[in-house]
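Thank you for asking for a second pair of eyes on this model. My comments are set out below as numbered points, to be read with the sequence and the structure in view.

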Amino acid sequence: FYFLLLRPQRQEQARRKAMLAALKKNDHVITAGGIFGVVTNVNTDADEVTVKIDESTNTKIRVTRSSIARVLLDEHSGESSK
């Protein structure tokens with residue numbers, strides 16, 4: 001039971017915690033709501049991240065760190081900057 005259910009869940013939680021702890025400026029992310037953006041500021045004290053979602057109008061949103069669903073890899077971020 002432990003190896004089938006609990007251990008994989010704990011490993012996934014540890015990976016997510018490490019991903020959120022490693023967030024830094026200029027990371028390309030996807031929020032839980034499906035919004036693509038680039039991290040412009042990480043405020044660890046307030047558990048808050050500022051994400052730029054539009055380059056032309058410089059639109060930024062503030063979200064909680066836990067609402068970041070995924071950090072995109074460098075290969076994806078290179079495509080979005082072209």
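The points that follow go from the overall fold to the core, the strands, the loops and the charged pairs.

1. Overall layout. Please keep in mind throughout that this is a predicted model. The protein has two helices and five strands, and from the N terminus on these elements follow one another in the order α-β-β-β-β-β-α. Of its 82 residues, 24% count as buried, while the accessible surface comes to about 6,100 Å², with 53% of that area belonging to carbon and sulfur atoms. Among the contacts between residues at least 6 apart in sequence, 35% join residues at least 24 apart.

2. The N-terminal end. Which residues form a nonpolar patch on the surface? They are Phe1, Tyr2, Phe3, Leu4, Leu5 and Leu6, which together offer about 720 Å² of accessible area. Leu4, one of these residues, is found in helix α1, which covers residues 2-21, and because its relative accessible area is 71%, Leu4 counts as exposed. In soluble globular proteins, nonpolar side chains tend to be buried together. A reader may wish to set that general tendency beside the patch formed by Phe1, Tyr2, Phe3, Leu4, Leu5 and Leu6.

3. The nonpolar core. The largest nonpolar core has eight residues, namely Leu20, Leu23, Val29, Val39, Val49, Val51, Val63 and Ile68. Leu20, which belongs to this core, is in contact with Arg65, Ser66 and Ile68 once its neighbours within four places in sequence are left aside. Of these three contacts of Leu20, Ile68 is itself listed as a member of the core.

4. Strand β1 and its partners. Strand β1, residues 28-31, is covered on both faces, with His28 and Ile30 buried on one side and Val29 and Thr31 buried on the other. β1 pairs with strand β2, residues 36-43, in the antiparallel sense over three bridges, and within this pairing the bridge partner of His28 is Val38. β1 is also joined by three bridges to strand β5, residues 68-71, again in an antiparallel arrangement, and here Val29 stands opposite Val71. The hairpin of β1 and β2 has four residues between the strands, and Gly34 in this hairpin takes a positive phi near 90°.

5. Strand β3. Is Thr50, a residue of strand β3 (residues 48-54), buried or exposed? Thr50 counts as buried, because its relative accessibility is 14% and the cut-off for that class is under 20%. Leaving out residues up to four places away in sequence, Thr50 touches Val38, Val39, Thr40, Asn41, Lys60, Ile61 and Arg62.

6. Two loop residues that deserve a look. Asp47 has a phi near 55°, a positive value in a residue other than glycine, and its place is in the loop between β2 and β3. Asn58, likewise not a glycine, has a positive phi of about 60° and lies in the loop between β3 and β4, the latter covering residues 59-64. Asp47 counts as partly exposed at 36% relative accessibility, and Asn58 is also partly exposed, with a relative accessible area of 42%.

7. Salt bridges. How many salt bridges does the structure hold? There are five, and among them is the one in which the side chains of Arg65 and Asp47 meet, at 3.7 Å from N to O. This pair links distant parts of the chain, with Arg65 in the loop between β4 and β5 and Asp47 in the loop between β2 and β3, 18 residues apart. Arg65 is buried, with a relative accessible area of 10%, whereas Asp47 is partly exposed at 36%.

8. Two further charged pairs. The side chains of Asp27 and Lys24 meet in a salt bridge at 3.2 Å, N to O, and Asp27 is buried, with a relative accessible area of 11%. Glu55 forms a salt bridge with Lys52, in which the closest N and O atoms are 3.9 Å apart; Glu55 counts as exposed, because its relative accessibility is 58%.

Methods
Residues are numbered from 1 along each chain as its sequence is written. This is a predicted model: local features need pLDDT of at least 70, side-chain atom pairs count only at pLDDT 80 or more; totals for chains, interfaces and linings use all residues. Side-chain values use heavy atoms; hydrogens and water are left out. Patches are made of residues with over 30% relative accessible area and no salt bridge: like charges are joined within 9 Å, nonpolar side chains (Val, Leu, Ile, Met, Phe, Trp, Tyr) within 5 Å. Accessible areas come from the Shrake-Rupley method with a 1.4 Å probe; for residues, only the protein chains shown count as cover. A salt bridge is a side-chain nitrogen of Lys or Arg within 4 Å of a carboxyl oxygen of Asp or Glu. Buried means under 20% relative accessible area, exposed over 50%, partly exposed in between (1.4 Å probe, protein chains only). A nonpolar core is a set of buried Ala, Val, Leu, Ile, Met, Phe, Trp, Tyr and Cys residues joined through side-chain atoms within 4.5 Å. Contact means heavy atoms within 4.5 Å. Two strands pair if DSSP finds at least two bridges between them.
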